[in-house]
Amino acid sequence: MALFRKSKNSEPDFSQIVLPSHIGIIMDGNGRWAKKRGLPRKAGHTAGAKTFRKITRYCSDIGIKYLTVYAFSTENWKRPSDEVNSLMNLFKSYLEEALEDFKDDSIVVRFIGDKSKFSDGLRSLMLENEESSKDRDGMVLNIAMNYGSRDEIVSAVRNISADVKNNIISIQDINENLISNYLYTSGQPDPDLIIRPSGEYRISNFLLWQSAYTEFVIMNKLWPDFEKSDLDEALKIYSSRNRRYGGV
């Protein structure tokens, strides 16, 4: 029996299945997409940004409650300076456009990661996007920028240690829930599903703590080519799995 049936507007009808509450996407393959076409890598990032907008809105439309996308890692600073500069300019353009693009959407925008490395202008745009969307009641979109999960965990350990030292919490208070509350995704459910386009079989320092029981779907398609139908396919795969969380 098919997991999805088409509705009158030709979009899949998800009413018969349980959708993941939280999806993570490692947006991988922009550079390879450009190389295959003889284009500069920045063209791949521009194409990937268009895919990001399309898939973000689609997730919101079908009822996903949380979406976390990996936009720029702590390791991406090692890339050639011209590519990093192009990415920073693209982020700036996107954040300026997002204030207009998403103003009629119900999407709540949050940025996770160490923002201190970005320019004052970028940080200001991040804050403006967060402030303008904070009272919306729809999907929460986490954009991971200068994000690395090991860095996130180190930061949490430091903050927990400081709070123990300052008698805000005791050592006995430390448990899994407390640690989760010191992460960037505090207050959000762990991801049910992480999708990695491009066919790479690695997690790349993304949501290490949060993905302890996450289902992974690897798709052999570069991110700029990723379509709504590919997300549908990932949801079919997710829906077919039996999540036991270590039980029987």
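This passage describes the sheet of the predicted model and the helices that pack around it. Local features were taken only where pLDDT is at least 70 and side-chain atom pairs only at pLDDT 80 or more, whereas totals for chains, interfaces and linings use all residues. Residues are numbered from 1 along each chain as its sequence is written, and side-chain values use heavy atoms, with hydrogens and water left out.

Six strands (DSSP runs of E, at least two residues, numbered from the N terminus) form an open sheet in the order 5-6-4-3-7-8, with parallel pairing; two strands are taken to pair if DSSP finds at least two bridges between them. Strand 5 (108-112) and strand 8 (215-219) are the edge strands, each pairing on one side only. From one strand to the next, the twist averages 20 degrees, angles here running from 0 to 180 degrees between the N-to-C directions of axes, which are lines fitted to C-alpha atoms and, for helices, cover the stretch in contact. Strand 5 runs parallel to strand 6 (residues 140-147) and is joined to strand 6 by five bridges, and Phe-111 stands opposite Ile-143 in strand 6.

Helix 3 (residues 81-101) packs on the sheet, where it touches strand 4 (66-73), strand 5 and strand 6, and its direction makes about 145 degrees with that of strand 4; helices are DSSP runs of H or I with at least four residues, and contact means heavy atoms within 4.5 Å. Helix 4 (residues 120-133) lies across strand 5 and strand 6 and runs at about 145 degrees to strand 5.

Helix 3 and helix 4 pack at an angle of about 25 degrees, their axes being 10 Å apart, and helix 3 is therefore roughly parallel to helix 4 (angles under 35 degrees count as roughly parallel, over 145 as roughly antiparallel, 65 to 115 as roughly perpendicular and the rest as oblique). The residues of helix 3 that meet helix 4 include Met-88, Phe-91, Leu-95 and Leu-99, and among their counterparts in helix 4 are Leu-122, Leu-125 and Met-126. By class, this contact of helix 3 with helix 4 has eight nonpolar, two polar and three charged residues, where Ala, Val, Leu, Ile, Met, Phe, Trp, Tyr, Cys and Pro count as nonpolar, Asp, Glu, Lys and Arg as charged, and the others, Gly among them, as polar.

Helix 2 has 22 residues and reaches 32 Å from its first C-alpha to its last, close to the 32 Å expected at 1.5 Å a residue, the expected span being 1.5 Å times one less than the number of residues. Just after helix 2, Gly-63 takes a positive phi of about 105 degrees. The axes of helix 2 and helix 3 come within 10 Å and cross at roughly 30 degrees, so that helix 2 is roughly parallel to helix 3. The contact involves, among others, Arg-41, Lys-42, Arg-53 and Arg-57 of helix 2 and Glu-83, Glu-97 and Asp-101 of helix 3, and the residues of the contact of helix 2 with helix 3 divide into five nonpolar, three polar and seven charged.

Helix 2 (residues 41-62) also packs with helix 7 (residues 228-239), at an angle of about 50 degrees and with the axes 10 Å apart; helix 2 and helix 7 are therefore oblique to each other. Lys-54, Ile-55, Tyr-58, Cys-59 and Ile-62 of helix 2 make this contact with Lys-228, Leu-231, Asp-232 and Leu-235 of helix 7. The contact of helix 2 with helix 7 has six nonpolar, no polar and three charged residues.
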